[in-house]
Amino acid sequence: MMQLKSFGVFVMVLFSAHTLAQKRYSEALSPAESARTFQLREEFSIEPFVTEPDVLSPVDFVFDAAGNAFVIEMGDYPYDAQPGRFKGRIRLLKDTDGDGRIDKSFVFADGLPSATSVLPYKDGLIVCAAPDILLLRDTNGDFKADTREVLFTGFFAKNSEAQITSLRYGVDNWIYANNSGQAGMITSPLRPDAPPLNVAGGNFRFRLDKKLFEVESGNGQFGLAMDEWGHRFYTQNTLHIQQSPIAWRYLHRHNYLPSFRSDVNISDHELEMFQKSATPYWRQQRSDRRQAKYDSLKTGFKEYARDHFTGASGGTFYGGDGFPKAFQGSVFTGEVAGNLVHRDIINTSGGSPTYTASRDAAEKDREFLASTDPWFRPANLTTGPDGYLYIVDMYRQHIETPVSIPEDLKTDMDFANGEQYGRIWRIFPKEGEKRPVALPDLRKQTTAELVALLAHPNQWWRLNAQRILVEKQDKSAVAALKKMTIHADPRARLHAMYTLEALNALDEAPVKGALNDPHAGVREHAVMLAEKYPAFLADIIRLTGDSSPQVAYQACLSAGQFSGKESLAALATCAEKNPDNAAWRLAVLSSSTGASPEFLRLLIDRKDFFSAHSPGKLQFLDDFAYITITRNGKNEVAALLELLNTTITADEWAVAALSGLYKGARKAGNKGEPEKAVVKQLEKLENRSSENIKRSAAQLRKVLNIN
């Protein structure tokens with residue numbers, strides 16, 4: 001009897017918890033019901049492309065070039081994938097009757113650990129499934145992968161929100177992926193001779209045609225937007241759009257730089273968004289508790305429960321041709337916590353090498369798309385071959401990871417509720433004739449037809465045509481590609497140039513022409529390619545004064561790849577023109593030439609830089625001094641101190657240089673006996689009347705163990 005009574009109490013508790021959850025958290029809507037909650041820009045309509053049960057828990061979606069569409073399903077989310085019970089899955093979606101609608105769904109691969117991203121390659125798929133990047137292939141045509149090859153391994157494999165993801169094929173033939181800066185020692189069976197690559201602090205990129213892989217700058221999370229000129233804009237939960245204007249290969253030309261952060265938040269509208277859905281009970285409770293704690297400690301911090309980015313995801317560049325021109329070139333980013341899709345307009349900003357992301361004039365107080373359905377989770381987006389925008393809707397009751405929520409608030413939350421759902425939405429303009437769904441098979445195109453597609457107005461067609469040409473390695477395309485380098489469309493010129501590069505058929509003539517191209521995007525890439533040709537150094541130096549800040553910046557980076565008086569002078573001009581921009585300072589100082597003693601002497605001789613100080617100039621000298629002492633070249637520190645005593649004698653310069661020397665000495669941990677010349681010059685500085693100099697010199701004396 002007591003057992004029955006206890007069982008009854010247990011059932012009542014369960015029923016009460018379920019009832020409470022129903023009150024606190026709404027139930028799922030059908031696709032049709034959810035669609036009615038969408039508040040979309042008036043110029044557009046939205047429709048379901050595919051829904052459950054043909055797709056479940058989707059996080060990525062791509063159209064390959066063989067008439068197929070693939071979806072990554074993250075069944076493990078939000079928990080860590082368990083060995084032997086991996087729920088990651090890839091679905092192959094097909095239109096079997098040719099009516100432009102998906103009517104068949106096949107499980108292409110399953111048992112994957114937290115698969116997050118997929119990219120077509122040759123006759124298979126490259127898949128991010130930490131700790132691996134895999135190549136999956138269907139060799140017998142049964143719509144199921146039967147070979148699984150490890151391309152790279154060693155990536156961080158814990159929190160699925162911070163794993164290797166967001167595969168993108170770049171116009172430069174590199175494949176890029178976000179790594180969230182996570183640690184990992186990466187090896188590849190393709191290159192058993194290569195030492196493990198430490199990817200901590202960066203993203204990742206690789207080329208399968210040349211068996212190359214390396215770290216790339218930035219700390220992108222889930223979402224990587226690459227524009228038509230190869231600029232990368234990446235997503236992080238609270239910072240919805242960032243950029244790193246300087247590539248990793250330039251940042252690590254020597255090992256003496258002070259600590260830096262190459263990521264730049266390029267949004268001009270901070271963290272604010274315009275949410276239409278209700279604030280979840282747990283989030284309001286957590287925010288109230290945090291705010292109470294902040295208030296009690298008088299920190300002045302403000303905790304937001306809504307209307308601020310916390311779940312930005314899937315940033316995607318719209319390179320299609322199906323939207324009105326005003327929307328082309330936008331970056332669209334999902335916000336899974338706010339149940340909306342945000343849109344940014346990308347523009348240049350003064351002389352900065354980074355871009356600025358702004359709201360459209362018609363979206364100053366609204367979003368491109370917002371839903372009142374709290375289950376709507378726009379985790380990712382993609383542009384289709386039809387030129388329209390597709391939204392990957394994970395559709396979950398709760399999208400947050402349990403570790404971020406207090407235990408008492410989780411008692412009525414089912415984090416797996418929604419794994420039986422999934423939607424992919426298709427957005428198209430109301431005006432004009434609606435285009436049919438396109439599932440083209442580019443494998444049937446001739447080489448000449450593929451070359452012609454490099455001039456297609458839709459980025460999807462251009463990139464896939466280029467990729468297939470590179471994969472085929474058909475040298476019969478060379479003549480047509482060289483003609484394409486003078487095509488009227490600058491995007492076609494760029495694709496042609498890099499396709500020639502991958503075919504080992506790019507010679508000096510197209511590069512020389514591109515260095516004088518009327519379009520900045522082509523000139524920028526021409527500068528990179530010109531690094532291989534010493535004869536083009538004069539052109540590179542000329543372009544450090546280009547009207548486009550992106551071209552000028554790249555030219556500065558490329559000039560630093562050379563040594564000699566010409567490069568020294570070019571870098572000096574860059575330092576003089578842009579001292580107060582951190583990215584420009586980093587471009588100069590990251591090069592061995594721009595961090596050399598000869599460079600500082602040239603700046604002094606030219607007089608302009610040291611004619612008056614500014615915060616940026618002082619920081620430049622601070623960083624230069626840091627490099628000098630960590631490099632610890634013979635007599636370099638003494639020579640710098642002597643300059644402070646004889647040439648750049650203003651107190652502000654001396655304090656800045658001493659600051660850098662002090663920080664660098666602490667970092668390097670210099671234990672040896674200091675040079676006598678260093679002691680002598682430091683004593684001269686200490687005899688100056690300035691208390692700031694005396695204090696800074698005393699700090700340096702202490703860390704150098706000078707009695």
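Contact here means heavy atoms within 4.5 Å of each other. With that in hand, here are some notes on this predicted model, beginning with the overall build and then moving to particular elements.

1. **Overall build.** The protein has 707 residues, and a compact globule of that length would have a radius of gyration near 27 Å. The value for the protein is 28 Å, so it agrees with the expectation for a compact globule. Taken along the principal axes, the C-alpha atoms fill a box of roughly 90 × 75 × 50 Å.

2. **Secondary structure and packing.** You will find 20 helices and 28 strands in the protein. Of the 707 residues, 59% count as buried. If you look at contacts with a separation of 6 or more, 65% of them are between residues 24 or more positions apart.

3. **Helix α20, its length and ends.** Helix α20 covers residues 691-703, which makes 13 residues. From its first C-alpha to its last it reaches 19 Å, close to the 18 Å expected at 1.5 Å a residue. The N-terminal end of α20 is capped by Ser690, with a side-chain oxygen of Ser690 lying 3.3 Å from the backbone nitrogen of Asn692. At the other side, α20 is followed by Asn705, which has a positive phi, near 60°.

4. **What covers α20.** Which residues of α20 are buried? They are Ile693, Ser696, Ala697, Leu700, Arg701 and Val703. Do note that Arg701 and Ser696 are among these buried residues, alongside Ile693 and Leu700. The cover over the buried residues of α20 includes three helices: α16 (615-631), α18 (651-668) and α19 (676-686).

5. **The sheet β3 to β6.** Here four strands form an open sheet, in the order β3-β4-β5-β6, with antiparallel pairing. Its edge strands are β3 (58-63) and β6 (104-112), each of which pairs on one side only. On average, neighbouring strands of this sheet are turned by 20° against each other, direction ignored. Within the sheet, β4 (residues 69-74) and β5 (residues 88-94) pair in the antiparallel sense over six bridges. If you would like a residue pair to look for on screen, Val71 has Arg91 in β5 as its bridge partner.

6. **The sheet β7 to β10.** Another open sheet is formed by four strands in the order β7-β8-β9-β10, and its pairing is antiparallel. Why is one side of β7 and of β10 left without a neighbour in the sheet? Both β7 (117-121) and β10 (147-153) stand at the edges and each has a single partner strand, so one side of each stays unpaired in the sheet. From one strand to the next, the twist averages 25°. Strand β9 (residues 132-137) runs antiparallel to β10 and is joined to β10 by six bridges. The bridge partner of Ile133 in β10 is Phe152.

7. **Leu369 and its surroundings.** Is Leu369 buried or exposed? Leu369 has a relative accessible area of 0%, so it counts as buried, the cut-off being under 20%. This residue sits in strand β25 (residues 369-371). Leaving aside neighbours within four places in sequence, Leu369 is in contact with Phe38, Gln39, Leu40, Ile46, Leu340, Val341, Phe376, Ile391 and Ile427. Phe38 is a good one to pick out: Leu369 and Phe38 are 331 residues apart in sequence, yet 6.7 Å apart in space, C-alpha to C-alpha.

Notes
Residues numbered from 1 in each chain as written. Predicted model: local features only at pLDDT ≥ 70, side-chain atom pairs only at ≥ 80, totals over all residues. Heavy atoms only, no water. Helix = DSSP H or I, 4+ residues; strand = E, 2+ residues; numbered from the N terminus. Expected span 1.5 Å × (residues − 1). Buried < 20%, exposed > 50% of the residue type's maximum accessible area, 1.4 Å probe, protein only. Polar contact = N/O pair within 3.5 Å; in protein donor to acceptor, adjacent residues only side chain to side chain. Pairing = 2+ DSSP bridges. Axes fitted to C-alpha atoms, helices over the stretch in contact; angles between N-to-C directions. Rg over C-alpha atoms; globule rule 2.2 N^0.38 Å.
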